[in-house]
Number of protein chains: 2
Amino acid sequence: MDPHLLRTFVAVLDHRSFSLAASALGYTQSAVSQHIAALEADLGTRLVERRPVAATPAGARLMEHAPALLLRLEAARADLARLHRAPSDRLTLACSPAALGAPVARALARLRASARVDVEVRVVGREAVIEEVLTARADLGLLDGVAAPSDPLPLPDLGPTVTLAASEGPLAVIFPDGHPLAERDAVRLTDLAQAQWIDSPDTAVPLDRLRAVCGADGFRPRFRHLGTDIHGLAALAAADHGLAVLPLPLAAALPGVTAVPVRHPRLVHRTELLHPADPSTPARRLTGLLTHRDGSRVHEDAD
Amino acid sequence: MDPHLLRTFVAVLDHRSFSLAASALGYTQSAVSQHIAALEADLGTRLVERRPVAATPAGARLMEHAPALLLRLEAARADLARLHRAPSDRLTLACSPAALGAPVARALARLRASARVDVEVRVVGREAVIEEVLTARADLGLLDGVAAPSDPLPLPDLGPTVTLAASEGPLAVIFPDGHPLAERDAVRLTDLAQAQWIDSPDTAVPLDRLRAVCGADGFRPRFRHLGTDIHGLAALAAADHGLAVLPLPLAAALPGVTAVPVRHPRLVHRTELLHPADPSTPARRLTGLLTHRDGSRVHEDAD
DNA sequence: TAGAATTACGGAGGACGTAAGAATA
DNA sequence: TATTCTTACGTCCTCCGTAATTCTA
């Protein structure tokens with residue numbers, strides 16, 4: 001279970017090919033073959049089916065461990081490296097799309113007004129936000145999702161190196177303009193379980209999360225939208241491809257769609273701040289700006 | 001960051017000695033010294049101070065990663081091994097002390113009545129429960145704690161290999177018999193923040209958890225009780241060394257102390273079932289018995 | 001039969017033990 | 001000065017590349 005072997009194991013299954021994995025990792029085919037053989041010998045099981053290359057049941061099980069393990073390993077190294085890097089005026093913020101709203105933009109403006117700070121915001125998928133923070137490619141992360149009021153978002157293990165802060169606001173469903181339900185003051189999510197939904201796991205609230213949080217079946221995806229582009233999602237929703245759940249302030253400003261608040265179940269759109277154990281000075285300042293406003297937390301509905 | 005190096009790094013800090021770590025791991029002193037040197041070279045930082053042996057700041061940081069990392073690695077291996085082990089009539093259950101109440105005992109009785117199953121229950125500390133399940137030394141785990149009603153317990157990352165089920169019941173504070181507050185029908189935890197508390201992190205509800213869940217400071221430990229022995233804790237509480245929080249049904253049966261229900265904040269004693277992805281047949285049956293009774297979940301207060 | 005994984009083999013480098021050398025309490 | 005860690009060095013073993021071999025779509 002040498003991490004090198006795990007890394008090539010993951011690469012082999014990702015590429016569905018020994019040779020492609022080899023060139024991706026800078027090895028020869030032969031080395032990759034030996035890695036897989038060594039791993040299989042070590043674990044006493046066949047992990048990969050060849051021709052075509054695919055995971056055996058045991059390999060699939062290992063694939064549930066290996067990427068997380070490698071990420072944690074890299075995170076540990078990045079965490080140590082952070083201890084010794086020079087203090088910087090640069091702030092890199094990894095952000096899921098719906099977490100980047102007006103409050104964050106304003107907090108960044110205040111940060112730049114108060115000191116000379118170069119800012120880089122990277123809008124990426126939810127899992128990538130975690131990855132960027134853990135590996136110190138970003139100084140801070142902002143991750144949005146849906147939860148019961150004042151509950152935290154369910155996050156995978158972030159290790160000892162990050163903590164959380166949050167803001168909360170109302171949720172909305174976006175309907176195409178003129179849709180019968182777009183007239184409503186509010187909707188119940190459970191009434192819409194059987195509607196047409198767009199699954200946009202990185203941009204909107206993922207449908208499996210809606211299912212979990214509503215405790216209801218339904219929310220079956222008929223249309224999948226990959227990427228981190230809220231406007232594109234709005235265009236799809238406007239063209240009646242399906243519904244999606246977004247934070248209300250953001251959804252209300254989208255063209256071609258009407259945002260209707262979610263009334264039931266009682267849920268909020270929540271943003272968590274992923275905060276390394278040992279943040280840079282600009283990161284610490286932004287954390288202060290984001291989590292305190294007149295001594296209380298930022299609420300998006302305060303806008 | 002070879003796991004072998006991490007393992008000796010952890011052993012060195014655990015033993016506060018290179019030579020002790022070496023003999024514990026079956027290496028020579030020299031090898032351990034080389035391991036530490038290699039790790040320090042790899043990470044570009046001094047990790048341990050010698051004479052006396054202690055962690056540097058960077059080493060302390062690494063110690064927040066390394067044990068979890070090694071556990072996850074062992075967990076992955078154990079998970080794969082589980083796939084290929086022979087079906088067994090034996091059930092090993094790892095259990096935190098306050099999770100082992102009458103409902104669990106009865107479920108085990110029903111299991112044994114319905115089939116020939118050898119049972120082994122290991123009562124261990126909370127962290128050890130997780131460890132035993134992840135490394136497949138136990139088939140199932142039962143872990144108790146305190147949370148808001150219907151909230152899950154905050155658990156560290158359990159990987160993809162385990163899921164949870166739960167039972168919930170009321171909480172109580174134990175007072176020495178005859179204590180003025182022992183007459184009450186109920187108490188508010190926040191009123192007791194400044195009282196004398198016994199910190200018994202593995203047996204009762206850990207004080208830091210009380211602090212977190214009450215959102216209040218206080219609950220400062222003056223007396224620490226290590227081990228997994230509820231009766232011993234009761235003896236200490238009866239002798240007026242301090243208070244502790246336990247599940248009500250269990251606390252009510254303890255000698256020398258009076259159990260007073262916690263009314264506020266609204267909290268429950270919750271038990272989570274740690275369930276491997278691929279459990280043995282007896283484990284699956286016990287899970288069924290524990291999580292369903294007449295189609296609903298077990299509630300300890302149903303007794 | 002061509003594309004792709006495996007096996008054979010050799011050289012370079014790494015890992016660990018023995019033993020001698022420094023450092024600190 | 002005794003204990004404990006470090007360094008030097010030799011051996012063995014592992015790792016990876018080249019190249020020949022086997023497999024299968």
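Of the atoms of DNA strand C within 4 Å of the protein, 55% are sugar or phosphate atoms, and the remainder are base atoms. The model is predicted, with local features requiring pLDDT of at least 70 and side-chain atom pairs pLDDT 80 or more, whereas totals for chains, interfaces and linings use all residues. Residues are numbered from 1 along each chain as its sequence is written, chains are lettered from A and ligands numbered from 1 in the order in which they are written, and side-chain values use heavy atoms, with hydrogens and water left out.

DNA strand C is surrounded by 17 residues (a residue is near a strand if one of its heavy atoms lies within 4 Å of it). The closest are F18(A), S19(A), S33(A), R50(A) and H35(B). By residue class, this surface holds four nonpolar, 10 polar and three charged residues; Ala, Val, Leu, Ile, Met, Phe, Trp, Tyr, Cys and Pro count as nonpolar, Asp, Glu, Lys and Arg as charged, and the others, Gly among them, as polar. Polar contacts are pairs of N or O atoms within 3.5 Å; within protein, one must be able to donate a hydrogen and the other to accept it, and residues adjacent in sequence count only if both atoms are side-chain atoms. A polar side-chain atom of S33(A) is 2.5 Å from a phosphate oxygen of DNA strand C. Base oxygens of the strand are also approached: one lies 3.1 Å from a side-chain N or O atom of S30(A), and one lies 3.0 Å from such an atom of S30(B). Two or more residues of the surface near DNA strand C come from each of α2 (18-25) and α3 (29-43) of chain A and α3 (29-43) of chain B. Helices (H or I, at least four residues) and strands (E, at least two) are DSSP runs, numbered from the N terminus. The largest contribution, four residues, is that of α3(B).

Around DNA strand D there are likewise 17 residues, of which H35(A), R51(A), S19(B), R50(B) and R51(B) come nearest. Sugar or phosphate accounts for 53% of the atoms of DNA strand D within 4 Å of the protein, and bases for the rest. Base oxygens of DNA strand D lie 3.0 Å from a side-chain N or O atom of S30(A) and 3.3 Å from one of Q34(A). A polar side-chain atom of R51(A) is 2.7 Å from a base oxygen of the strand. At least two residues each are supplied to this surface by α3 of chain A and by α2 (18-25) and α3 of chain B, with α3(A) giving the most, four residues. The surface near DNA strand D comprises four nonpolar, 10 polar and three charged residues.

The peptide bond from R51(A) to P52(A) is cis, with omega near 0 degrees, and P52(A) lies in the loop between β1 (48-49) and β2 (54-55) of chain A. In chain B, the bond from R51(B) to P52(B) is also cis, with omega near 0 degrees. R51(B), in the loop between β1 and β2 of chain B, has a positive phi of about 50 degrees although it is not a glycine. R51(B) counts as exposed because its relative accessibility is 79% (buried means under 20% relative accessible area, exposed over 50%, partly exposed in between; 1.4 Å probe, protein chains only). Another non-glycine residue with positive phi is D240(A), at near 70 degrees, located in the loop between α9 (230-238) and β11 of chain A.

Chain B can be superposed on chain A with an RMSD of 0.1 Å by a turn of 180 degrees and a shift of 0.2 Å along the axis; the fit is by least squares on the C-alpha atoms of residues with pLDDT of at least 70 in both. This is the relation of a two-fold axis. The C-alpha of chain B nearest the axis belongs to D157(B), 2.3 Å from it. The same surface serves both copies, as 100% of the contact residues of chain B recur in chain A (contact means heavy atoms within 4.5 Å). R61(B), in helix α4 (residues 57-83) of chain B, counts as buried because its relative accessibility is 12%. Beyond its neighbours within four places in sequence, R61(B) contacts D79(A), L80(A), L83(A), A277(A) and D278(A).
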